Amino acid sequence: MTLFTIVVPTLNESENVDLLLTRIFEQKLPEFEVIVVDDGSTDGTQEKVKAWEKRAQVRLLERHGKPDLTTSILAGAAQARSEVVIVMDADLSHPPERIAAVIAPVLANEYDVVVGSRYIPGGSTENWPLYRELLSRVGGWIARPICDVNDATSGFFAFRRELATAVSNQARGYKILLELLMAHYGKLRIKEVPITFHDRTYGTSKLSFSHQLAYIQRLITLAGGTVTLNTAGRFALVGLFGVLIDAIVFQWMMSRDAGLALSHFASFFVAATVNYTFNSKWAFREHHSGYLQWHQFGRFLTVGALALLLRGGVLALLVYVLHIPPLLAIFPAIVTTAAVNYLGSAFYVFPRDTDLPPIDIRWRTATIGIVIFILLLRLVYFGLAQLIPDEAYYWQYAQHMDLSFYDHPPMVAWLIWFGTSILGDNEFGVRIGALLCGLITMGYLYALARNLYDKSIAMRAVLLLAILPIGFASGLLMTPDAPLIATWAATLYYMERALVGEKRIAWLGIGIAFGLGLLSKYSLGLIGIAAIVFILADPVARTWLKRPHPYLAALLALILFSPVIMWNYNNDWASFAFQSSNVLTSPHQFSVHYLFLHAILFLTPIGFLAGAVALFTIKRQVTALPVEKRKLLFVQVFTGIPFVICLVLSIFDKPQLHWTGPIWLAILPTIAWMMGRSDHLGVLAKRIQAMWRLTIVTCIFAYAFVLHYVVLGIPGVPYPWFTEHYFWRETAAEIMQIADQVKKQSGKEPIIVGMSKWSVASALYFYTHDKMQLDIRSRNLFGDSGAMYNFWQPSQAPTDRPIIQVGMKRRHLDKIGKQREEIQALLDQPGDIEYRVIERHGKPVRRVYYRISQGFKGRTPDANPRNPI
């Protein structure tokens with residue numbers, strides 16, 4: 001009885017076939033047969049196989065169609081006399097000595113597919129040219145998002161013969177394993193065993209550029225796209241015509257002084273109209289009924305709008321940063337638009353309408369596309385958008401490097417110092433740390449979610465992090481929250497590995513991540529409280545209390561945190577006193593509603609509801625397993641305990657917007673799990689699930705719109721009231737003009753005083769430091785708190801130098817009652833409050849208020865300035 005069949009596809013392998021068959025039959029294997037499927041060899045391969053037919057269980061199957069590896073293997077499997085098939089190449093690259101290891105688990109009915117893998121521990125390649133190994137690695141990497149096998153391009157594998165019947169008739173090329181796995185996605189028991197792959201000694205490789213294109217095309221098709229050479233060629237022709245129209249309209253608009261934003265908007269809409277007509281009626285005609293339904297038209301508009309908003313950033317980057325003339329810069333911007341439009345059309349506007357991949361694969365594909373787009377948005381815009389005052393203040397930290405600071409630990413300063421040392425004192429240098437922290441957060445959240453659930457859920461968790469405000473803002477803006485969220489995610493990962501996975505080495509990661517997190521923001525200590533609760537609640541985790549690892553981890557974290565302790569020791573414990581006073585001495589104000597409002601802002605309404613449902617009402621179907629119960633407890637404790645603490649605090653004090661941001665990281669994997677469920681969901685959970693697509697699109701569009709708005713503007717859309725906190729570059733230019741006028745009139749350098757705690761002074765200094773040496777102070781000059789300015793510029797002796805007070809609002813200068821009298825008494829001949837309208841690209845964006853005095857009478861330094869908080 002034949003237990004298994006070895007299928008060997010051949011094409012001109014006469015120098016190898018004898019050696020291969022000899023080595024195969026030298027192995028001590030159970031009863032088997034060999035089917036050699038020849039694709040029309042002309043070098044005598046067939047004759048050599050026929051000679052083997054007379055002396056061993058070898059059969060020759062001759063094909064006369066177009067040579068194709070996949071078709072040959074399927075034909076050989078169809079002729080097999082056994083129910084188990086193993087496939088290997090004829091060029092001796094797959095060692096026959098490993099046949100037993102590959103086939104045994106399938107014969108034992110332990111697995112459905114076993115892959116001989118080069119890319120797992122113990123596997124390797126020998127004597128392969130670097131470019132071939134690189135191509136193989138890349139081929140495997142690009143398949144990983146939809147296929148969970150490490151070596152999806154392997155040609156050495158065993159499987160149950162009936163599995164081959166489900167492979168699509170459209171399957172072509174040289175990667176039959178991928179077709180087999182995707183045809184039975186989520187239903188197979190799969191194992192990989194290590195092999196050593198040897199490069200061929202005789203003959204030539206049949207791999208060609210056309211095979212590589214076919215592989216990529218087929219991979220995209222398996223992922224749910226409609227990319228074919230036919231559609232790609234037609235889209236390219238339509239695109240070239242659109243580029244011509246786009247460029248002509250853009251240049252015509254620019255010649256009429258329409259401005260960069262209006263010109264690129266107008267040219268895009270004209271070109272998009274033309275492209276839409278030709279793409280819907282011709283380029284993608286084979287994938288729909290000849291006209292677009294309303295949902296397809298809506299998707300087309302969505303993709304077009306996102307492409308437009310991304311291209312605006314590319315255009316601004318080329319024109320404003322690289323100083324490329326707009327008439328040339330438009331072409332790379334158009335190419336970016338074309339790439340987004342084509343991929344969006346292939347996967348979103350005109351997806352496959354038959355033989356759809358599983359919903360899990362579609363979520364994976366969507367995750368890849370959306371996360372890449374979000375990262376492109378950040379990469380293009382992070383150096384174009386002006387700093388918000390908070391970022392400028394933390395940049396000031398980096399100009400006064402210290403072990404710690406009054407209102408925050410030092411990590412944000414260290415990251416800004418590192419970025420600006422490399423990229424300079426500009427937006428790119430300040431924000432590069434946030435970009436890196438965002439990537440670190442994604443990596444650790446992915447690893448955490450994969451440990452708690454699986455790869456698909458981990459990818460969706462990263463998708464949530466990318467599109468929810470909590471993740472997008474922290475990955476773009478350089479504030480203490482950027483390293484806090486990164487270290488929070490890292491600490492959660494190592495906590496899960498130690499407390500649930502029981503990995504001793506994870507305690508080292510906990511110590512490092514927790515220590516770095518405390519250097520970012522003190523609120524990371526909430527994870528420590530949650531860890532104590534989990535250890536007390538979980539019998540397995542309680543055993544760690546008798547081991548040294550948790551205590552050594554705490555000691556390591558304390559050592560890393562020691563710079564903050566040293567700074568506080570040298571400064572009368574000022575930072576600790578400040579943070580505790582926020583909680584203990586602030587006037588009581590019931591603010592629970594603010595806490596929930598902030599959570600909704602961070603998570604979006606749908607995300608907040610999903611988190612509540614996931615935390616309190618969703619029950620796992622596998623909770624009978626102790627480890628699954630412990631994982632669920634981990635999520636509940638590490639989300640619930642920090643939130644409860646914030647809830648209690650908000651009963652007595654108004655919470656800050658960013659308080660609850662990192663808390664939700666622990667629940668994101670469970671929300672991602674709920675997003676992909678198709679059963680066992682309640683009515684509310686199903687409605688939330690249905691709303692995710694709209695939420696995702698809305699968030700992406702909102703981010704792209706806001707970034708384009710603050711960098712280039714949106715034609716026809718004015719700037720509203722809240723921009724009084726923004727556009728400091730233009731405001732600083734106006735203040736420099738005022739200071740120059742005052743200097744010319746008085747003959748003395750004026751002192752500029754920002755009439756806020758630190759926002760005005762920091763923003764003005766950042767946008768003037770490389771243009772004009774100005775003496776810029778904070779409001780602590782008059783006795784109010786200036787945060788770190790109390791340390792950097794603690795006092796000012798009486799002076800006859802002019803004083804220019806600057807405020808975002810009139811009331812910042814026109815104080816009320818006693819405070820007004822005190823400030824007036826400190827000024828020599830204070831003038832009236834004036835304002836100037838700040839314009840950008842010819843549009844009014846804000847006002848800046850100022851008052852000029854002829855001198856400062858001096859103030860005795862006060863150890864307890866007004867409004868220390």
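**Exercise 1. State what share of the protein chain's 869 residues counts as buried.**

Solution. The share is 54%. Buried means under 20% relative accessible area, exposed over 50%, and partly exposed in between (1.4 Å probe, protein chains only). This is a predicted model: local features need pLDDT of at least 70, side-chain atom pairs count only at pLDDT 80 or more, and totals for chains, interfaces and linings use all residues. Residues are numbered from 1 along each chain as its sequence is written, and side-chain values use heavy atoms, with hydrogens and water left out.

**Exercise 2. Classify the ring pair Trp 395 and Phe 766, and place it in the chain.**

Solution. Start with the rule. Rings of Phe, Tyr and Trp (its six-membered ring) pair if their centres lie within 6.5 Å; planes under 30 degrees apart are stacked, over 60 edge-to-face, the rest tilted. The whole structure holds 47 such pairs. Here the centres are 4.9 Å apart and the planes stand at 90°, so the pair is edge-to-face. Next, the location. Trp 395 belongs to helix α13 (residues 389-399) and Phe 766 to helix α29 (residues 759-766), so the pair ties together parts 371 residues apart in sequence. Helices are DSSP runs (H or I, at least four residues), numbered from the N terminus. Both Trp 395 and Phe 766 are buried.

**Exercise 3. Do likewise for Phe 561 and Phe 576.**

Solution. The geometry is 6.4 Å centre to centre, with 25° between the planes. The pair is stacked. Phe 561 lies in helix α22 (residues 549-570) and Phe 576 in helix α23 (residues 574-584), so parts 15 residues apart in sequence are tied together. Now check exposure. Phe 561 is buried, at 9% relative accessible area. Phe 576 is partly exposed, at 29%.

Definitions and conventions
Helices (H or I, at least four residues) and strands (E, at least two) are DSSP runs, numbered from the N terminus.
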